[in-house]
Amino acid sequence: MAILLLSLPPHPPIPPKNPKTTTPKLTPPQPTIALTDSTTSKRRFILESTSLFLISLTPQQYPVAHSSPKASAPPRPSLSGIANTKSWFQFFGDGFAIRVPPQFQDVSEPEDYNTGLSLYGDKVKPKTFAARFASPDGYEVVSVVIRPSNSLKITFLEAKDITDLGSLKEAAKIFIPVGSTVYSARTIKIKEEEGFRTYYFYEFGIQEQHAALVAAVNGGKTYIAGATAPQSKWNDDGVKLRSAAISMTVL
């Protein structure tokens, strides 16, 4: 089951009322909310929380019962805005490329080259993120994860296209967490040398988070690009984040 609750930061602690106040009043003043964490710690917590939200977009490696997501009226038209990303930095990963919004920082954890190296043949633990970038305040995150396609849907043949995982509606049960409000779902076809490659695009919200997700398949691997932010941030930066997710291409 998706770990959705972990993606939402808890409410900040409320300090006790002023001990000097001894006479009760009919309308006592509201206690002041104090943030005791440092700015750096707060940014790290928000970043890790948003990353957990992205992880929740990828299903677990065991069967999970999903109800079909029902599309509701979006607050804006589908794909209401796409920015020109040609001037953005293009990051090349393992089998994919993605454009990174300006001022976003690479927050991927450094790869541990010693992980899994053993005389006894231990397997290397797969990386959680193939790429991860965050805004300076850490509220907005663009990430890419790669998963074996047969871990998302049992198939006897190697998946070569996203359509091997099902139709746009069927695959939504894989990529969209249960309980989400779906704003948009589209099939995007990109012309390549050997024909067309199909990408599935979903935009949805759950609780206070908003996300845009693009998925594609190549060589038995599923590439998932996600851009997430609090709804309050998405209202201003949604076009930028949506454009970053859609910019992912499978190489």
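Two residues are said here to be in contact when heavy atoms of the two lie within 4.5 Å of each other. With that meaning in hand, the reader may begin at Phe-133 in this predicted model. Leaving aside neighbours within four places in sequence, Phe-133 is in contact with Phe-91, Val-100, Phe-104, Gln-105, Asp-106, Val-107, Glu-140, Val-141 and Val-142. Phe-133 belongs to strand 4, and it counts as buried because its relative accessibility is 5%, where the limit for buried is under 20%. One of its contacts, Asp-106, is 27 residues away along the chain, yet the C-alpha atoms of Phe-133 and Asp-106 are separated by 4.5 Å.

From this residue the view may widen to the whole protein. The protein contains 4 helices and 10 strands, and along the sequence these follow the pattern α-β-β-β-β-β-α-α-β-β-β-β-α-β. Of its 251 residues, 38% are buried. Among contacts between residues at least 6 apart in sequence, 63% join residues at least 24 apart.

The strands may be taken sheet by sheet. Strands of a sheet pair through backbone hydrogen bonds, either parallel or antiparallel. One open sheet is formed by 7 strands in the order 3-4-5-9-8-7-6, with antiparallel pairing. Its edge strands are strand 3 (residues 105-106) and strand 6 (residues 181-192), each of which pairs on one side only. Another open sheet consists of 3 strands in the order 1-2-10, and its pairing is likewise antiparallel. Here the edge strands are strand 1 (residues 89-92) and strand 10 (residues 249-250), each pairing on one side only. Strand 1 and strand 2 are joined in the antiparallel sense over 4 bridges, and Phe-92 has Ala-97 of strand 2 as its bridge partner.

Strand 5 deserves attention within the sheet of 7 strands. Strand 4 (residues 131-134) and strand 5 run antiparallel and are joined by 4 bridges; Arg-132 has Ser-143 of strand 5 as its bridge partner. These two strands form a hairpin with 6 residues between them, in which Gly-138 takes a positive phi near 80 degrees. Strand 5 is also joined by 8 bridges to strand 9 (residues 221-230), again running antiparallel. Ser-143 stands opposite Gly-226 in strand 9. Strand 5 (residues 141-148) is largely enclosed by the rest of the structure, because 6 of its 8 residues are buried.

After strand 5 the reader may turn to Ser-151, which lies in helix 2 (residues 149-152). Ser-151 counts as buried because its relative accessible area is 19%, against a limit of under 20%. The side chain of Ser-151 reaches the backbone oxygen of Pro-148 at 2.6 Å.

Helix 4 (residues 231-246) has a distinctive course. Although helix 4 has 16 residues, its end C-alpha atoms are only 19 Å apart, short of the 22 Å that a straight helix would reach at 1.5 Å a residue. Helix 4 bends by about 85 degrees at Asp-237. Its buried residues are Trp-234, Gly-238, Leu-241, Arg-242, Ser-243, Ala-244 and Ala-245. The elements that cover these buried residues include strand 2 (residues 96-100), strand 5, strand 7 (residues 195-206), strand 8 (residues 209-218) and strand 9.

The last topic is the nonpolar interior. In soluble globular proteins, nonpolar side chains tend to be buried together. The largest nonpolar core has 25 residues, and those with the most contacts inside it are Phe-91, Phe-96, Ile-98, Val-142, Val-144, Leu-241 and Met-248. Strand 2, strand 4, strand 5, strand 7, strand 8, strand 9 and helix 4 each supply at least two residues of this core. A second, separate core has 21 residues, including Ala-171, Ile-176, Phe-204 and Leu-213. Returning to Phe-96, and leaving aside its neighbours within four places in sequence, the residues in contact with it are Phe-91, Ala-130, Ala-131, Val-144, Ile-146, Tyr-223, Thr-249, Val-250 and Leu-251. Phe-91 thus appears among the contacts of Phe-96 and also among those of Phe-133.

Definitions and conventions. Residues are numbered from 1 along each chain as its sequence is written. This is a predicted model: local features need pLDDT of at least 70, side-chain atom pairs count only at pLDDT 80 or more; totals for chains, interfaces and linings use all residues. Side-chain values use heavy atoms; hydrogens and water are left out. Buried means under 20% relative accessible area, exposed over 50%, partly exposed in between (1.4 Å probe, protein chains only). A polar contact is a pair of N or O atoms within 3.5 Å; within protein, one must be able to donate a hydrogen and the other to accept it, and residues adjacent in sequence count only if both atoms are side-chain atoms. Two strands pair if DSSP finds at least two bridges between them. The expected span of a helix is 1.5 Å times one less than its number of residues. The bend at a residue is the angle between axes fitted to the seven residues ending there and the seven starting there. A nonpolar core is a set of buried Ala, Val, Leu, Ile, Met, Phe, Trp, Tyr and Cys residues joined through side-chain atoms within 4.5 Å.
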